[in-house]
Each structure stands twice: as structure tokens, then as C-alpha cells.
Amino acid sequence: MELKRVLGSDSRSATAKAMELYGNDALIVSNERISGKVEVIVAVDLEHDQFQFLEPAGIDTRGRVNLPTGTTPAATSTAHFGEILKGRMGEMTKPADTLPIADVRANSKNSGKNTGENHNENDSDRQELERARDLVDMLRGEFAEMRKELRISQQLSAWQSSPGNADAVKPAVQPLATALLEVGVPVGLRSLLVDEILGLDNLDQAMSVVESILRRSVLREKHNPMLLGVNVIAGPSGAGKTMMVARLAAMHLRDGALQPEDLAIVSYSDRRPGAWNQIQLLAAQAGVDSYRVTDAAMLESLMSELTLRKLVLIDTPGVRVSEHLNAISNAVNKGDTKARFHLLLPADSSAATCRRYLDQPDVPWASLMMSKMDESTQPWPLIQALCDFRLPVSFSSCAPAGIESLTAADTDALIGLAMSNLPLQGEPMSRFDQTSMAKSEADVPTLNSSLNRQ
């Protein structure tokens with residue numbers, strides 16, 4: 001694939017220009033307002049002939065894919081990325097008897113020196129392979145979601161802005177509808193919000209209605225800031241689960257709720273290089289004990305030794321999340337001991353990522369934790385997820401590496417962040433008075449039932 005840049009006066013014209021230049025199959029990767037214009041980045045499939053310029057530089061592109069006998073290079077020009085990666089993964093996981101004799105001897109000699117070290121290396125390689133597969137699945141889901149949203153968005157935009165449509169958005173409220181489109185509000189949430197402001201002829205009133213609807217559609221239940229028992233932190237790779245565990249331990253000690261001997265941090269089946277060292281360092285910084293287990297049997301044995309601990313925080317890997325959580329549940333849920341599972345998502349998570357982790361009926365999430373709050377100014381996919389699943393939020397953190405940056409999460413603050421960063425054209429946000437609602441919250445419908453039907 002190759003990325004192309006298209007500029008337009010607004011998002012609609014830039015998207016239309018991209019479709020005209022590169023066809024309806026072109027994938028819109030991102031759009032962003034730059035210097036008064038909208039920049040659209042488009043991913044375009046490359047033809048096989050376009051790779052030929054790499055060969056004079058000493059790069060043999062023909063060796064990138066194992067061609068079956070009798071297959072020409074032109075026949076493989078449409079090979080999917082996932083198929084190529086799957087082939088590479090198969091090469092990485094070839095059994096030892098397919099290796100050259102010299103490699104087998106070398107491996108046998110090394111294994112005689114340090115069997116435990118090689119076992120750890122194999123576990124690490126296996127987890128990296130799982131992480132690569134998980135990344136491919138995530139990318140496929142993201143691309144499918146983007147294509148779906150693009151098609152629906154084009155249809156809705158044409159209908160809602162049609163001059164002959166009696167239910168079209170009024171000119172005074174059009175900046176709000178345009179802003180919701182430009183910041184990437186998920187199409188289901190955006191269409192329902194726009195439907196609620198049809199017929200309104202005042203921008204401040206429309207802003208009040210949108211915010212009131214969002215506040216009533218998310219669960220505003222206050223989560224207990226005090227964690228007790230066994231609490232498991234799960235989520236995608238790179239979300240900051242290890243740092244969140246350390247921050248939770250430090251917060252409970254800082255507030256005086258618990259003493260260091262009351263806490264324990266457990267790293268479960270995380271074989272990434274350096275992961276255990278990071279846990280040890282953060283646990284030492286917080287002043288609590290840390291333990292490492294590789295499977296459910298070891299965890300069950302360890303939990304029998306930690307029965308006197310008031311709080312046990314379990315850090316999990318970002319791959320095979322559902323499988324690991326089920327194993328932890330079977331190992332921990334004995335008698336009166338019940339593990340509570342908390343989902344950690346970055347504030348800038350996409351709609352596909354939110355749905356992928358939240359829509360798991362086998363995992364009873366106790367709360368949603370949010371990380372990287374300072375890196376996201378448009379947390380709209382996370383807001384739609386909270387409208388769909390009505391999960392209580394518990395804690396939020398910022399990107400700095402310190403273990404002190406942890407606060408109680410607040411859905412009102414999350415919605416306020418999203419609303420305050422809407423790029424309304426020529427309308428300063430200071431005009432929007434959050435205390436003057438055009439409709440009382442009791443009269444404003446919620447979006448949960450409607451969103452679940454999307």
C-alpha cells in the first residue's frame with residue numbers, strides 16, 4: 001500500500017476528491033484540519049509493477065513471497081498482507097527437524113549450557129508471535145470498521161445536508177454537525193446526535209442538547225476509590241497496564257488506606273523481554289512485594305500464600321486476553337475469594353478496539369480504567385462505548401512515567417473534554433454556557449437503546 005495526501009476546503013470535498021482520484025476502494029486512514037484546510041490521508045493499493053524500482057538498489061522483491069510452482073509474479077500481486085504475514089509466521093515456527101544440520105547442532109550445544117534460559121527465550125518468541133497475530137487481527141478489524149463508517153457517513157451526510165430535505169440541519173446548527181464529522185465521532189453516535197438537533201435554530205441550544213444527551217446516556221455511577229481483594233487489570237498491548245498497577249498500589253499506600261505488607265503485585269504469564277524487570281522496578285518504587293507466575297497452576301499456588309493480603313493486583317499480557325482471564329478466574333475464584341476484572345483502555349482508543357474488548361460476555365468487567373488522558377482531545381469512540389455498555393469508570397491516568405499521576409475517573413469530565421475540543425467554525429467555545437440547558441435532563445432521551453440497534 002501507498003499513502004496519498006489530498007487537500008480540500010472541508011472534509012466532504014476532500015473525501016470526494018480522494019474517491020475521484022483513487023476510486024471507491026481507497027481507504028481513508030485519517031483526516032485532519034491544517035491551515036484552514038482538511039488533509040485526508042488515503043491508503044492506495046500498489047500495482048506489482050510499481051515495486052520494480054526497488055530491484056536496482058539490491059532489493060530482491062521476488063523473494064518476499066514464496067511462489068508456488070507455475071505461479072507468476074503477476075498472479076501474486078493481489079496477495080493480502082495477512083496471507084504474507086501468515087507465511088512468515090509459519091517460517092518462524094518451523095520445527096527443529098527442518099533446520100539445517102549446523103543449526104540443529106548449534107541449538108543442541110547451546111541448550112546443554114542453559115536450558116532454562118533457552119526455555120524463557122522460546123516463551124518470549126512465542127508471545128511475540130501471538131502479539132503479531134493479535135496486531136494483524138486488530139488491523140483487520142480497524143480497516144473493516146473504517147470502510148463501514150465511510151460508506152454510512154457518506155450516505156448520512158448527503159441526506160442530512162440536502163437543501164431539499166425538510167429535516168436537514170439548519171444553517172445555524174450546521175457548524176456543530178460539521179464538527180462532529182471532522183473529529184471522527186463514530187457514525188452511529190453522530191447520526192443519533194444530529195437527529196436530536198434537527199429543527200433547532202440556535203447553536204448554544206444544540207450544544208446543550210448534545211451534552212445533556214451524552215451525560216444521561218453514560219453510567220454516572222461513582223466507583224469506590226478503594227480496591228480490596230484480587231483485582232485483575234487487562235487490556236490491549238501498550239495501554240499501560242503495568243504502570244496502572246503500580247499507580248494503583250502507590251495510591252492506596254499514599255492515602256494511608258493500606259500498608260506495604262497489605263499489598264502484592266503479581267505478573268501473570270507476561271514473557272516479554274524486560275517485562276518482569278519493569279514490574280520489579282515499579283513495585284520497589286511503590287514499596288510493595290512483587291511475584292511472577294507463568295500459568296494458572298502457579299497462580300493458584302501463589303494465591304494460597306497471599307490470603308492475608310488485603311489487595312492483590314494482577315498484571316496481564318495484552319494477548320489472548322479472554323483466555324488468560326478465564327484461567328485466572330478458575331485459579332482465583334475459590335470459596336469466598338472472587339477476582340474483579342478491570343478493563344484498561346487508552347483515551348484515544350478506536351471504536352473497533354473498544355468493542356473488541358467490551359463485547360465479551362464471558363468477562364464480567366467491574367469497571368473501565370482510562371490511560372493517556374492527556375494525549376487524547378477527541379475521546380468520542382470511548383464515549384460511544386460507555387453509552388453502549390454503561391460500564392462504571394474508576395481511574396484515569398496521564399502519559400508521564402511517574403506512578404503518582406492517577407485520579408478518580410469522571411464521565412462528566414470526559415464528555416466535557418470532548419465537547420470543549422469541537423472545532424466550531426467561527427464560534428468560540430466560551431459562548432457555550434454549560435449551566436443553561438435548553439432542555440432539562442429529564443426530558444432528554446438516552447442513546448443506549450438506539451446505539452445498541454446500530
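The exercises below, each with a worked solution, concern a predicted model.

**Exercise 1.** Determine the order of the strands in the open sheet of three strands, and state which of them are the edge strands.

*Solution.* Begin with the order, which is β1-β3-β2, with antiparallel pairing. Next, look for strands that pair on one side only: these are β1 (2-8) and β2 (27-34), which are therefore the edge strands under the pairing rule of at least two bridges. Finally, follow the sheet from one strand to the next, where the twist averages 20 degrees.

**Exercise 2.** Describe how β2 pairs with β3, and then place helix α1 relative to the sheet.

*Solution.* Strand β3 covers residues 37-44, and its pairing with β2 is antiparallel, extending over seven bridges. Within this pairing, Glu32 has Glu39 of β3 as its bridge partner. Turning to helix α1 (residues 11-22), one finds that the helix lies across β1, β2 and β3, and that its direction makes an angle of about 135 degrees with β1.

**Exercise 3.** Establish how many residues of helix α6 are buried, and examine what follows the helix.

*Solution.* Helix α6 spans residues 187-197, and nine of its 11 residues are buried, so that the helix is mostly covered. The buried residues include Arg190 and Ser191, as well as Leu189, Leu192 and Leu193. After α6 comes Gly199, which has a positive phi, near 95 degrees.

**Exercise 4.** Explain why Ser396 counts as buried, and list its contacts beyond the neighbours within four places in sequence.

*Solution.* Locate Ser396 first in strand β10, residues 393-397. Its relative accessibility is 10%, and because buried means under 20%, Ser396 counts as buried. With those sequence neighbours left aside, Ser396 is in contact with Met370, Met373, Ser405, Leu406, Thr407, Ala408 and Ala409.

How values were computed. Residues numbered from 1 in each chain as written. Predicted model: local features only at pLDDT ≥ 70, side-chain atom pairs only at ≥ 80, totals over all residues. Heavy atoms only, no water. Helix = DSSP H or I, 4+ residues; strand = E, 2+ residues; numbered from the N terminus. Axes fitted to C-alpha atoms, helices over the stretch in contact; angles between N-to-C directions. Contact = heavy atoms within 4.5 Å. Buried < 20%, exposed > 50% of the residue type's maximum accessible area, 1.4 Å probe, protein only.
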